[in-house]
Amino acid sequence: MPYETETVCIGPAPANKSYLDMSRIISAAEVTDVEAIHPGYGFLSENVHFAEVCESCNIAFIGPRPEAARAVGNKVKTREVAKSIGVPVIPGSESSLKDENEAIKLAHQIGYPVILKASFGGGGHGMRIAHNDISIVNSFLAAQSEAKNVFKDGAVYLEKFIEEPRHIEIQIVADNYGSVIHLGERECSIQRRHQKIVEEAPSPAVSPDLRKKMGQAAIALAGALNYNNVGTVEFLLDKNNNFYFIEMNGRIQVEHPITEMVTGVDIVKKQIKIAAGMKLDLKQENITFNGHSIECRINAEDPMDDFRPSSGTIGRYYPAGGLGVRFDSHIYQGYQVSPYYDSLIGKLIVHRNSRDEAIKAMQRALAECIIDGIKTTIPLHKAIFKHTKFIDGQIDTNFLNRYFSK
Ligand code: MV4
């Protein structure tokens with residue numbers, strides 16, 4: 001019975017007593033006799049130990065094999081591998097820094113400003129920008145202690161700080177036998193405190209030629225790391241359209257639907273087939289990019305009150321719809337938005353033939369969408385989609401700070 005669903009209680013609401021508790025997840029998998037676990041995009045999705053535990057229990061972990069997951073978790077290592085195969089990286093450390101004196105020495109070589117990053121970090125935690133010798137000492141110690149707290153390893157490295165870059169990522173799909181393809185880029189520059197708010201595909205800054213170069217770089221890196229399943233290779237694009245590899249993510253990402261809309265490839269289906277040991281049935285030359293897709297992350301947060309999380313019961317609920325308009329969500333009228341989890345409650349996704357048409361479709365969809373009972377980020381999205389700089393595609397990672405902070 002292929003579509004029958006069984007539900008098992010995995011514990012109380014706090015995530016560390018349920019979704020993050022490996023033994024509870026494995027128990028639920030055992031009692032339901034599942035063949036595989038899809039870890040989603042939060043919780044245990046990038047936990048190498050969990051992938052190993054699944055393997056030892058004969059349950060397929062739908063994601064990279066433990067060695068590949070471990071490889072992408074080490075930012076200094078992936079930087080080194082990228083550099084060794086000719087993928088451009090930002091001038092900076094060859095390895096983790098010994099101490100603040102080494103950081104100062106390197107900063108003098110490459111020039112201020114520099115950015116300190118956690119070697120086993122990601123997503124912006126443990127990062128500090130330094131403009132001079134005095135601030136680098138504090139930055140080094142702060143980055144080190146935050147890295148230790150958040151990632152249990154205080155190792156940090158350093159790069160030249162690129163001012164106001166675009167954040168562009170390439171989706172890759174890799175089977176277990178060394179075949180790798182890319183599905184183009186996503187422009188993810190509209191973010192706040194390292195949380196993406198709006199994503200689009202393709203990027204208004206990426207030409208077919210640049211897409212090819214970034215795609216080939218991403219494929220080469222995945223190959224060099226012996227990576228499998230789906231992943232994302234993150235780049236910064238500077239004002240002269242130079243791209244630089246920054247880090248790789250070994251999970252499906254929240255914004256995967258926009259890539260699915262423009263390529264027609266069901267990325268989650270690919271993850272499952274790859275985890276089942278199937279060979280990639282797609283060739284790069286058969287991947288085409290059609291039209292333009294945009295996603296707005298609808299969060300249960302009050303954008304007028306410093307994005308304070310908002311919980312409560314959903315009242316009136318009307319997700320927008322129509323041709324090429326989709327609202328991916330688990331909520332409904334009467335649903336209780338819990339304070340225990342991430343505030344993402346839905347993804348409003350549009351697909352049109354052109355960026356201009358997609359923006360219009362998103363404006364219409366945002367106007368029609370009704371979610372009562374809690375505060376959401378919809379009013380912020382309406383303002384973004386009215387902003388001439390956004391409409392002109394003139395965006396970078398500073399966009400929200402520059403135009404939308406008090
Ligand atoms: C950078 C950078 C500028 N120069 N690296 C942010 C998330 C993480 N994946 C890497 N990030 C950045 N890395 C260099 N060499 C700018 C960012 C960045 C950022 C940094 C500080 C404050 C806000 C930011 C927002 C987006 C990107």
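This is a short talk on the domains, the ligand site, a pocket and a few backbone details of one protein chain.

Please keep in mind that the model is predicted.

Let's start with the layout. The domain assignment splits the chain into domain 1 (15-70), domain 2 (91-160) and domain 3 (166-404). Take the C-alpha centres of domain 1 and domain 2. They lie 32 Å apart.

Now the ligand. Where does it sit? Domain 2 and domain 3 both give residues to the shell around the ligand, so the ligand lies between them. That shell has 17 residues. The closest are Lys117, Glu159, Lys160, Ile162 and Glu247.

Which atoms meet the ligand's nitrogens? Start with the backbone. A polar backbone atom of Lys160 is 2.7 Å from a nitrogen atom of the ligand. For Ile162, a backbone N or O atom lies 2.8 Å from a ligand nitrogen. Then a side chain: an N or O atom of the Glu234 side chain is 3.2 Å from a nitrogen atom of the ligand.

How much of the ligand is covered? On its own, the ligand exposes 540 Å². The protein buries 87% of that. Strands E3 (114-118), E5 (156-160), E9 (229-237) and E10 (243-249) each give two or more residues to the shell. By class, the shell counts 8 nonpolar, 4 polar and 5 charged residues.

Next, the second largest pocket. The volume of this pocket is about 210 Å³. Its lining has 15 residues. Nearest the centre are Glu55, Ala60, Phe61, Arg65 and Ala275. Which domains contribute? Domain 1 and domain 3 each supply at least three lining residues. Which elements? Helix H2 (48-56), strand E2 (60-61) and helix H9 (267-275) each supply at least two. The lining divides into 8 nonpolar, 5 polar and 2 charged residues.

While we are at H2 and E2, look at the loop between them. Asn58 is in that loop. Asn58 is not a glycine, yet its phi is positive, about 65°.

Last, two cis peptide bonds. One runs from Tyr112 to Pro113, with omega near -5°. Pro113 is in the loop between helix H5 (100-110) and E3. E3 is also one of the strands that give residues to the ligand shell. The other cis bond runs from Ala201 to Pro202, with omega near 0°. Pro202 is in the loop between strand E8 (195-201) and helix H7 (208-224).

To recap: the ligand lies between domain 2 and domain 3, and the second largest pocket draws on domain 1 and domain 3. Thank you.

Definitions and conventions. Residues numbered from 1 in each chain as written. Predicted model: local features only at pLDDT ≥ 70, side-chain atom pairs only at ≥ 80, totals over all residues. Heavy atoms only, no water. 1 Å grid on protein atoms, 1.4 Å probe; cavity = no way out; pocket = protein on both sides within 12 Å on 5 of 7 lines; lining within 4 Å. Points joined across faces, edges and corners; volume = space filled by probe spheres on them. Helix = DSSP H or I, 4+ residues; strand = E, 2+ residues; numbered from the N terminus. Nonpolar A, V, L, I, M, F, W, Y, C, P; charged D, E, K, R; others polar. Domains from an automatic or database assignment. Near = heavy atom within 4 Å. Polar contact = N/O pair within 3.5 Å; in protein donor to acceptor, adjacent residues only side chain to side chain. Areas by Shrake-Rupley, 256 points an atom, 1.4 Å probe, with all protein chains shown as cover.
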